[in-house]
Amino acid sequence: MSPEYPLGTIRTEQVWKRFKADQQRMLLRDKVEQLTRKLRGGRGEDWRWALRDINLHIEPGESVGLIGSNGSGKSTLLKMLTRVMYPYGGVIDVRGRIGALIEIRAGIHPDLTGRENIYLFGALLGLKRREVASRFDAIVEFARLGGAIDRQVKYYSSGMQMRLGFAVAAYLEPHVLLVDEVLAVGDAVFQQRCLDRMREVAEQGTTIVFVSHDLPAVESICRRGVWLEQGSIRVDAGIKEAMSGYRDSIEAQSEAGGRVGEPLQLLKHEIVGDGRENLTTDEPMTVELTLGGDYRGDATLHLGVSEGTSSPIFQISHEIRLTGEDHQVACMIPNLPLPRGRYTLWAGVYSIGKTDGGTLMSWHSVGQFDVFGPMLDTPPRAVVLAAPVFVPHRWEE
Ligand SMILES: Nc1ncnc2c1ncn2[C@@H]1O[C@H](COP(=O)(O)OP(=O)(O)OP(=O)(O)O)[C@@H](O)[C@H]1O
């Protein structure tokens, strides 16, 4: 790369990465194919592309969320940015000091104490001892390690190791901060503090690349979203646009989920408000369903509501008796606890019984609906709401 790119720049040009298929997880069919290739004089090796032609230009100070389903290549890309792995082809250049938390134990030496690890890491980043010393207290304080700082890291719990790893990565003032899923190891309060710290370092001009399946957390930190699908960049856009495309694709996949051949089908559904009008926050909502199928017996019907993603905000259940005829059932919620927005309704039916308990209609998204009413109040920075529930309330002073 030419030296004119400033510190904090990340550039990847036509990056490809492949792995040998995991021998242990290889299906018999793959094995037969591999042997056939060998017999025909081929190399007999089975490669899978984990990343295909990745071109990313990230400017200093940008905060980028890498999203995508399991196995789409997010961690592999992050590992290559930290130079833990090298590409098969293409060029990767990350300018400046890199702080990375990509695996709980990455970069942490178990035989050294927490203190020694902090100084070692600082030295590896090219910081002077004095520079590390001036940040030392902040690291220990953030990681809540107290007296354990002079204990060997091998005696730390995984939560303590993660806290040390994050504090070191985020407080030694890297030009680029790379964070993978690992935050999930910490408790909810610590996760909030990490998100808050990431926001702070972003504001100070550090470039951030954040990988997580916790979409609200990614949305609260990142301005730009890169959605990876089967090793390729599917969308590289503003975080809202990238998220909404990714969420739609999760929903489409679950709607397309193989329900053909199940004993029950959802023939009709309707979601209506009071007097069959629009749905409004804190007003009634009625869900009417017609189930078809010749199953006879007792079953549990589950309904759920999610906001875009596949994790419902709430879920309610009801026992029903199926007679083999079309079955109509309605559920009324007197005070809809949802603020203004677009939501997805989910449904599933499972039989009750000693001998034949099982899936009659698997859990899947049924349709979307809009709620009119107040917007949710904006929380303070880096506070991630697990779900947007409207709580009726009144203030007095
Ligand atoms: N060391 C490895 N050896 C063989 N295959 C690997 C290796 N690391 C990753 N892969 C494969 O590369 C692909 C991409 O994996 P990667 O872990 O980067 O995906 P991911 O998007 O981070 O997934 P997740 O969300 O589950 O963490 C997967 O098919 C995975 O099985």
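**Close-up 1. Strands 16 and 17 pair side by side in this predicted model.** T344 stands opposite Q368 in strand 17. Strand 17 covers residues 359-372. Nine bridges join strand 16 to strand 17, and the two run antiparallel.

**Close-up 2. Strand 13 has strand 16 as a partner.** Strand 13 spans residues 296-306, and strand 16 spans residues 341-351. The two strands run antiparallel and are joined by eight bridges. Which residue of strand 16 is the bridge partner of H302? The partner is G348.

**Close-up 3. Strand 13 also pairs with strand 14.** Ten bridges link these two strands in the antiparallel sense. Within this pairing, G297 stands opposite L322 in strand 14.

**Close-up 4. Five strands make up an open sheet.** Their order is 11-17-16-13-14. The pairing in this sheet is mixed. Strand 11 (279-280) and strand 14 (314-323) stand at the edges. Each has a single partner strand, so one side of each is left without a neighbour in the sheet.

**Close-up 5. Six strands form an open sheet with mixed pairing.** In what order do the strands lie? The order is 5-6-7-3-8-9. Strand 5 (98-101) and strand 9 (232-238) are the edge strands, and each pairs on one side only. From one strand to the next, the twist averages 15°.

**Close-up 6. Strand 3 and strand 7 pair in the parallel sense.** Strand 3 holds residues 63-67, and strand 7 holds residues 207-211. Four bridges connect them. The bridge partner of G65 in strand 7 is F210.

**Close-up 7. Helix 5 lies across two strands, strand 5 and strand 6.** Strand 6 covers residues 176-179. Helix 5 runs at about 160° to strand 5.

**Close-up 8. Helix 5 packs with helix 6.** Two packed helices are described by the angle between their axes and the distance between the axes. Helix 5 (residues 158-171) and helix 6 (residues 188-203) pack at an angle of about 10°. Their axes are 11 Å apart. Angles under 35 degrees count as roughly parallel. Helix 5 and helix 6 are therefore roughly parallel to each other. From helix 5, R163, F166 and A170 make the contact. From helix 6 come F190, C194, R197, M198 and V201. By class, the contact of helix 5 with helix 6 has six nonpolar and two charged residues, but no polar ones.

**Close-up 9. Helix 3 and helix 4 pack with their axes 10 Å apart.** Helix 3 covers residues 114-124, and helix 4 covers residues 129-143. The packing angle is about 135°. Helix 3 and helix 4 are therefore oblique to each other. Helix 3 passes helix 4 in a right-handed crossing. Helix 3 makes the contact through I118, Y119 and G122. Helix 4 does so through R129, E131, V132, F136 and I139. By class, the contact of helix 3 with helix 4 has five nonpolar, one polar and two charged residues.

**Close-up 10. Twelve residues surround the ligand.** The closest are F19, A50, N70, S75 and T76. Strand 2 (47-58) and helix 2 (74-81) each supply at least two residues of the shell. Which element gives the largest share of the shell? Helix 2 does, with three residues. By class, the shell around the ligand has two nonpolar, seven polar and three charged residues.

How values were computed: Residues are numbered from 1 along each chain as its sequence is written. This is a predicted model: local features need pLDDT of at least 70, side-chain atom pairs count only at pLDDT 80 or more; totals for chains, interfaces and linings use all residues. Axes are lines fitted to C-alpha atoms, for helices over the stretch in contact, and angles run from 0 to 180 degrees between N-to-C directions. Angles under 35 degrees count as roughly parallel, over 145 as roughly antiparallel, 65 to 115 as roughly perpendicular and the rest as oblique. A crossing is left-handed if the near helix is turned anticlockwise from the far one by less than a right angle, and right-handed if clockwise. Two residues are in contact if their C-beta atoms, placed from the backbone, lie within 7 Å. Ala, Val, Leu, Ile, Met, Phe, Trp, Tyr, Cys and Pro count as nonpolar, Asp, Glu, Lys and Arg as charged, and the others, Gly among them, as polar. Two strands pair if DSSP finds at least two bridges between them. A residue is near a molecule or strand if its C-beta atom, placed from the backbone, lies within 6 Å of it.
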